[in-house]
Amino acid sequence: MQTLTENKEQLIEYYRQMVLIRLFEERAAQLYTQAHIGGYCHLNVGEEATVVGTLSALGPEDIVFTYYREHGHAIALGSDPAAVMAELCGKQTGLSKGRGGSMHLFDLENRLYGGYGIVGGHLPLAVGAALAIQYRNEKRVVMCLFGEGATNIGAFHEALNLAKVYHLPVLFVCVNNQYAMGSTIKEDSAVPEVWMKACAYDIPAERVDGMDLFAVREASERLVREVRETGEPRFLEADTYRFRGHSMADAGRYRTQDEVRQWQERDPIQTVVRRLEEDGILDPDLRKRLDSAAEEEVERATRFALESPHPDTGHLSDYLYTEDEETTIAN
Ligand SMILES: Cc1ncc(C[n+]2csc(CCOP(=O)(O)OP(=O)(O)O)c2C)c(N)n1
């Protein structure tokens, strides 16, 4: 078993974040069925180890591009869950001022450069940001997360190629949750071993158990360090499973309940609990307190979202173009 190198506070913080994200997503599902959230809504229940394990490996200057299953990413990076929930509900107080919704969270202050709805569309943007970082001689790392379905998109291949040719500091992270909308990687991809695709661009790649927070965290930390030290790209595949549907509208006919149950037996939160209890870091009392605090946090976020106003229709065209020439990666 892997020795845990983090201090007690850090380990408890990982648990806190994973529980907060799980409860947040479950509440978002309720709000969706109650029609408080419109449009698309993709939850990452079951994938929390891939969120906290990867993002906790970044330094304070590093930046993140991610896809539409990103509520947890925003929360783990430090966005206020209330602003995230308000964005899901399309409210003015939301992270993207109610203009983006579930798939388009953006939080410059917390280094979240989006939230993108077009599968694979953000990979070239991440590479562009890395080019700016290299041009300025900075030591920052770009982490770019996407699903395995995105690895069949043209932009994925262009992005990996340019990252290698230009020697850019990007860690590509493929969160392989076994299904795109309703098809498996074996049905979609000539090369179902996702990490191998990076070899076509001579980018060192590896695969990790995405249900194991500590394994994801160890691999991410090591690869982030390598990217920072070498200025070269790396690729990580984290194998995981989404316990819920692709989006809130998904009858799930492409998989069996048995399969879902089997993966649920490896629930990443329960695995962390077991490990931290064995190591004497978490006890039932502390766990209860952490869980209650997370529940309260989600309730606060929900109240804030529901009580916040919708954007004023008189300002529909605001924010389409920036007037601030300094709104660049420098921030
Ligand atoms: C270019 C493009 N094609 C199709 C879609 C519709 N679509 C949305 S999510 C999705 C599945 C993507 O699966 P994956 O990348 O594995 O991520 P996951 O949703 O499984 O986390 C598809 C096909 C889209 N948003 N963009």
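Let me start with the buried side of helix 9, in what is a predicted model. The residues of helix 9 that count as buried are L213, F214, V216, R217, A219, S220, L223, V224 and V227. Keep the spacing of those numbers in mind. An α-helix has 3.6 residues a turn, so residues three or four places apart point the same way.

Helix 9 itself covers residues 213-230, which makes 18 residues. From its first C-alpha to its last, helix 9 reaches 25 Å, close to the 26 Å expected at 1.5 Å a residue. Just after the helix comes G231, with a positive phi of about 70°.

What lies over the buried residues of helix 9? The cover includes four helices and strands you can find on the screen: helix 1 (8-33), helix 2 (48-55), strand 3 (170-176) and strand 4 (205-209). Strand 5 (234-239) and helix 11 (268-278) are also included in that cover.

Take one residue from this helix, L223. Why does L223 count as buried? Because L223 has 25 C-beta neighbours inside 10 Å, and the cut-off for buried is 20 or more. Beyond its neighbours within four places in sequence, L223 is in contact with L171, R234 and L236. L223 and A57 are 166 residues apart in sequence, yet 9.0 Å apart in space, C-alpha to C-alpha.

Next, strand 2, residues 142-147. This strand is mostly covered, with 6 of its 6 residues buried. V142, C144 and F146 point one way, while M143, L145 and G147 point the other way, and all are buried.

Strand 2 has partners. Strand 1 (residues 63-65) runs parallel to strand 2 and is joined to it by 3 bridges. In one pair, F65 has C144 of strand 2 as its bridge partner. Strand 3 also pairs with strand 2 in the parallel sense, over 6 bridges. There, M143 stands opposite L171 of strand 3.

M143 deserves a second look. M143 counts as buried because it has 26 C-beta neighbours inside 10 Å. Not counting residues up to four places away in sequence, M143 touches T54, L58, D62, V64, L171 and V173. L171 has already come up, as a contact of L223 in helix 9. For a pair that stands apart, take M143 and Q264: they are 121 residues apart in sequence and 27 Å apart in space, C-alpha to C-alpha.

Now V142, on strand 2 as well. Its contacts, leaving aside neighbours within four places in sequence, are I63, F65, A126, A129, A130, I133, P169 and V170.

That leads to the core. How many residues does the largest nonpolar core have? It has 92, and those with the most contacts inside it are V142, C144, V170, L171 and V173. Helix 1 gives the most to this core, with 11 residues.

On to helix 4, residues 81-88. Of its 8 residues, 8 are buried, so helix 4 is largely enclosed by the rest of the structure. The list is P81, A82, A83, V84, M85, A86, E87 and L88. These buried residues pack against helix 1, helix 3 (71-77) and helix 12 (284-307). Just after helix 4, G90 takes a positive phi of about 70°.

Two loop residues are next. Most residues other than glycine have a negative phi, and most peptide bonds are trans. R111 has a positive phi, near 70°. R111 sits in the loop between helix 4 and helix 5 (123-135). H167 also has a positive phi, near 55°, and lies in the loop between helix 6 (154-165) and strand 3.

Which of the words buried and partly exposed goes with each residue? R111 counts as buried because it has 20 C-beta neighbours inside 10 Å. H167, with 13 such neighbours, counts as partly exposed.

Last, the ligand. How many residues surround the ligand? There are 14, and the closest are V119, G147, G149, A150 and A180. G147 we have already met, as a buried residue of strand 2. By class, this shell has 7 nonpolar, 5 polar and 2 charged residues.

Notes. Residues numbered from 1 in each chain as written. Predicted model: local features only at pLDDT ≥ 70, side-chain atom pairs only at ≥ 80, totals over all residues. Near = placed C-beta within 6 Å. Nonpolar A, V, L, I, M, F, W, Y, C, P; charged D, E, K, R; others polar. Expected span 1.5 Å × (residues − 1). Buried ≥ 20, exposed ≤ 12 C-beta atoms within 10 Å, placed from the backbone. Contact = placed C-beta atoms within 7 Å. Core = buried A, V, L, I, M, F, W, Y, C linked by C-beta atoms within 7 Å. Pairing = 2+ DSSP bridges.
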